[in-house]
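Here is a quick tour of a protein–DNA model, starting at the DNA and working back to how the chains meet. Keep the viewer open as you read.

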Protein chains: 2
Amino acid sequence: MGEDNHSLGSRVFHIIRENILAGKYTANEELKEKTIGEELGVSRTPVREALRQLELEGLVSIIPNKGAYVVGITKKDIRDIYEIRERLEGLCAKWAALYITKEQLDELEEIVFLADFHAKKGNVEQLVELDNKFHETLYRASGSKEMYHVLSDFHHYVQRVRKITLTSEKRAADSNKEHMMIVEALKEHDADMAEKLASQHILSTVENMDRIGWDVLVS
Amino acid sequence: MGEDNHSLGSRVFHIIRENILAGKYTANEELKEKTIGEELGVSRTPVREALRQLELEGLVSIIPNKGAYVVGITKKDIRDIYEIRERLEGLCAKWAALYITKEQLDELEEIVFLADFHAKKGNVEQLVELDNKFHETLYRASGSKEMYHVLSDFHHYVQRVRKITLTSEKRAADSNKEHMMIVEALKEHDADMAEKLASQHILSTVENMDRIGWDVLVS
DNA sequence: CATAGTATAATTGTATACAATTATGCGAAG
DNA sequence: CTTCGCATAATTGTATACAATTATACTATG
């Protein structure tokens with residue numbers, strides 16, 4: 001389920017995607033195959049493949065015979081994604097409570113343990129990485145490739161926002177406490193509780209974002 | 001939001017996708033770039049692009065330097081998708097109740113009117129097409145490109161199952177009645193009712209599939 | 001001076017060529 | 001007879017070449 005495709009074309013895809021999500025390529029910017037290829041030291045072929053894939057992901061809009069343009073991420077996009085996640089993460093946690101393996105539970109426990117450490121230290125970079133791993137593991141534990149696919153995409157999509165929210169030490173600590181409670185529910189295989197907690201986790205995240213103010217989160 | 005890309009590469013993508021979803025390309029079958037290119041009368045380049053996109057959609061699994069393989073659709077995939085849809089279609093209808101335009105409402109009314117006609121005649125092909133249009137319009141009416149994206153993909157993914165269920169004249173009629181009720185709620189801009197009805201619509205579909213038996217639906 | 005038309009350049013779309021990797025088949029050794 | 005090794009073929013990965021389309025800039029004309 002966690003595919004690692006180490007061909008050149010795949011690398012190009014990931015680089016361009018990160019550049020868009022990180023804001024290096026700004027909204028409506030035209031992505032020229034030749035230029036990007038030269039930047040990355042590859043020919044147009046892998047760049048084209050990457051752009052076509054990014055179009056499917058909705059990060060790029062391709063106008064035939066004209067060009068590929070960066071699709072901007074709006075406040076509404078973020079809001080919508082969190083509202084969708086609120087519904088789906090609950091279902092995902094419910095499934096995970098039923099199907100999670102011992103290894104995955106151990107993995108989750110290690111993640112929240114480490115995150116607790118880094119939250120106290122204020123290591124944002126590591127916190128984001130651990131948040132990625134936590135949710136990735138949770139999505140995988142659902143045992144549904146569709147659930148994994150959808151939620152991974154969305155979670156990845158809002159990485160920039162998450163980076164900002166986790167900069168707050170309080171929110172980082174609170175978020176991890178919520179993660180811990182979810183892990184506890186999963187350990188007990190309490191599906192209803194896991195669902196409720198996971199859904200609530202997204203809700204708290206949104207409430208936190210409301211406090212911070214949306215203009216700070218997405219320019 | 002409804003992109004129509006009429007380049008060659010895009011056509012190849014759609015053809016291969018239909019062939020997979022229609023079962024023409026069977027599970028685990030190896031899709032060779034040269035062979036497919038010859039079948040469709042194009043070079044390897046557009047085929048490669050299409051296969052890369054299909055991998056992102058989860059319909060194809062690519063092993064670097066080895067090949068592209070059709071990912072089979074299992075009973076569990078279908079079940080998972082319907083359970084996910086049960087949650088999301090509700091939210092989608094809720095949003096649609098708030099943001100739907102007059103034109104979109106007219107479109108929906110025309111669709112259910114036509115579907116009523118074809119249901120009585122037992123024209124399965126047309127019914128599937130109208131079911132596609134109905135949901136497509138509903139997804140678009142939500143005003144959320146993320147919602148549109150996710151639900152369109154899933155809806156498209158289960159087209160084979162829908163084709164079978166709509167073969168039953170009773171189910172076709174019932175399904176359309178449910179569509180009508182959703183349209184009524186949208187007309188009243190009753191978000192809660194629209195949500196409940198849309199969610200219920202997916203539930204009835206699943207119940208109907210249970211009656212038919214899953215072994216008939218997906219081999 | 002503004003503008004339409006046109007030649008030129010730039011960019012995308014597709015096909016092909018070459019490189020790298022993997023699959024296949026055959027013969028020799030045990 | 002099986003299996004290992006190696007040569008050959010097939011296939012994917014990448015780069016380049018050519019075709020088609022679109023953007024640009026310059027000139028001629030009113």
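Let's start with DNA strand D, which has 18 residues around it, the closest being Leu8(A), Gly9(A), Val42(A), Ser43(A) and Thr45(A). Keep in mind that this is a predicted model. Both chains have a hand in this surface: α1 (8–21) and α3 (44–57) of chain A, plus α2 (33–40) and α3 (44–57) of chain B, each give two or more residues. The top contributor is α3(A), with three residues.

Now swing over to DNA strand C. Here 19 residues surround the strand, and the closest are Leu8(B), Gly9(B), Val42(B), Ser43(B) and Thr45(B). Chain B puts in α1 (8–21) and α3, while chain A puts in α2 (33–40), α3 and β3, each with two or more residues. The largest share, three residues, comes from α3(B).

Here is how the residues of the two DNA surfaces and of one protein–protein surface divide up.

| Surface | Nonpolar | Polar | Charged |
|---|---|---|---|
| Near DNA strand D | four residues | eight residues | six residues |
| Near DNA strand C | five residues | eight residues | six residues |
| Side of chain A that touches chain B | nine residues | seven residues | 10 residues |

So how do the two chains meet? The contact takes 26 residues from chain A and 26 residues from chain B. On the chain A side, α3, α4 (75–99) and α7 (145–157) each supply at least two residues. Of these, α4(A) gives the largest share, eight residues. If you remember α3(A) from the strand D surface, that's the helix with the most residues there, and α3 of chain A is also among the suppliers of the contact with chain B.

What about symmetry? A turn of 180 degrees and a shift of 0.0 Å along the axis lay chain A on chain B with an RMSD of 0.0 Å. That is the relation of a two-fold axis. The copies meet through the same surface, because 100% of the interface residues of chain A are also interface residues in chain B.

Finally, take a look at the sheet in chain A. It is an open one of three strands in the order β1-β3-β2, with antiparallel pairing. At the edges stand β1 (30–31) and β2 (60–63), each with a single partner strand, so one side of each has no neighbour in the sheet. Four bridges join β2(A) to β3 (residues 67–70) of chain A in the antiparallel sense. One pairing to pick out is Ile63(A), whose bridge partner in β3(A) is Gly67(A). And β3 of chain A is also one of the elements giving two or more residues to the surface near DNA strand C.

Definitions and conventions:
Residues are numbered from 1 along each chain as its sequence is written. Chains are lettered from A and ligands numbered from 1 in the order in which they are written. This is a predicted model: local features need pLDDT of at least 70, side-chain atom pairs count only at pLDDT 80 or more; totals for chains, interfaces and linings use all residues. A residue is near a molecule or strand if its C-beta atom, placed from the backbone, lies within 6 Å of it. Ala, Val, Leu, Ile, Met, Phe, Trp, Tyr, Cys and Pro count as nonpolar, Asp, Glu, Lys and Arg as charged, and the others, Gly among them, as polar. Two residues are in contact if their C-beta atoms, placed from the backbone, lie within 7 Å. Two strands pair if DSSP finds at least two bridges between them. Copies are superposed by least squares on the C-alpha atoms of residues with pLDDT of at least 70 in both.
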